[in-house]
Amino acid sequence: MYCVSIVTSIKCVISELNMWTEISCEHPVFLETVAKLTDKNLPQEIIMRLDNMNRDFGNLNGSVKRYYGQFNEIAQYMSPSVINITTKLCNRFLQLDREAISLLKDLKSYGTEDNIWQTLVEHITHEQKYMYRLFSSLLKQISK
């Protein structure tokens, strides 16, 4: 996770989106489950934000999968329409990722005495920040 990905084709960007939207969709479910199992007693507002994160990344993942399924029919190269659709999907990912990182920051204030919980939240935060850097870099490359 220390190298920046280089766009070799637009399909690689869509593949990254597919993988990272799936992972981002699973993070809130995992966090909510561990919080319940370890009696974190998260407030309803935090649970609602976790549920929204799961739903929103899941919806984006569905859009990415539909686009990926049509990809060979749409284009084999970086046409303006393909770049436009891919750019919109990446921008949506970045918007959701900013919200996720904000939520994770708030989650750090719960279970401060629980090193395992803190490590889990920090690990997921690290991944989400990596994704943000990755998609920012990929967007710069396809926008040139």
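The protein contains 4 helices and 0 strands, and its elements follow the order α-α-α-α from the N terminus. The model is predicted. Its C-alpha atoms occupy a box of roughly 50 × 30 × 15 Å along the principal axes. The points below cover the overall architecture, the surface and charges, the aromatic residues and one buried polar residue, Gln 128.

**Overall architecture**

- Of the 144 residues in the protein, 44% are buried.
- Among contacts with a separation of 6 or more, 82% join residues that are 24 or more positions apart.
- Two of the helices recur in the points below: helix α3 spans residues 80–107, and helix α4 spans residues 115–142.

**Surface and charges**

- The exposed area of the protein is about 8,100 Å², of which carbon and sulfur atoms supply 55%.
- The protein carries 16 positive and 16 negative charges.
- The mean position of the positive charges lies 8 Å from that of the negative charges.

**Aromatic residues**

- The structure holds 3 aromatic pairs.
- One of them joins Phe 93 and Phe 135, with ring centres 4.6 Å apart and ring planes at 45 degrees, so this pair is classed as tilted.
- The class follows from the plane angle, because planes under 30 degrees apart count as stacked, those over 60 as edge-to-face and the rest as tilted.
- Phe 93 belongs to helix α3 and Phe 135 to helix α4, so the pair ties together parts that are 42 residues apart in sequence.
- Phe 93 has a relative accessibility of 0% and therefore counts as buried.
- Phe 135 also counts as buried, because its relative accessibility is 0%.
- The threshold for this class is a relative accessible area under 20%.
- Phe 57 joins Phe 93 and Phe 135 in one aromatic cluster.

**Surroundings of Gln 128**

- Gln 128 is located in helix α4, the helix that also holds Phe 135.
- With a relative accessible area of 0%, Gln 128 is buried.
- Leaving aside residues up to four places away in sequence, Gln 128 touches Ser 24, His 27, Met 53, Phe 57, Asp 97, Ala 100, Ile 101 and Leu 104.
- Among these neighbours is Phe 57, which is a member of the aromatic cluster with Phe 93 and Phe 135.
- The neighbours Asp 97, Ala 100, Ile 101 and Leu 104 fall within residues 80–107, the range of helix α3.

Terms used:
Residues numbered from 1 in each chain as written. Predicted model: local features only at pLDDT ≥ 70, side-chain atom pairs only at ≥ 80, totals over all residues. Heavy atoms only, no water. Buried < 20%, exposed > 50% of the residue type's maximum accessible area, 1.4 Å probe, protein only. Contact = heavy atoms within 4.5 Å. Areas by Shrake-Rupley, 256 points an atom, 1.4 Å probe, with all protein chains shown as cover. Lys, Arg positive; Asp, Glu negative; His and termini not counted. Charge placed at Lys NZ, Arg CZ, Asp CG, Glu CD. Phe/Tyr/Trp six-rings, centres within 6.5 Å; stacked < 30°, edge-to-face > 60°.
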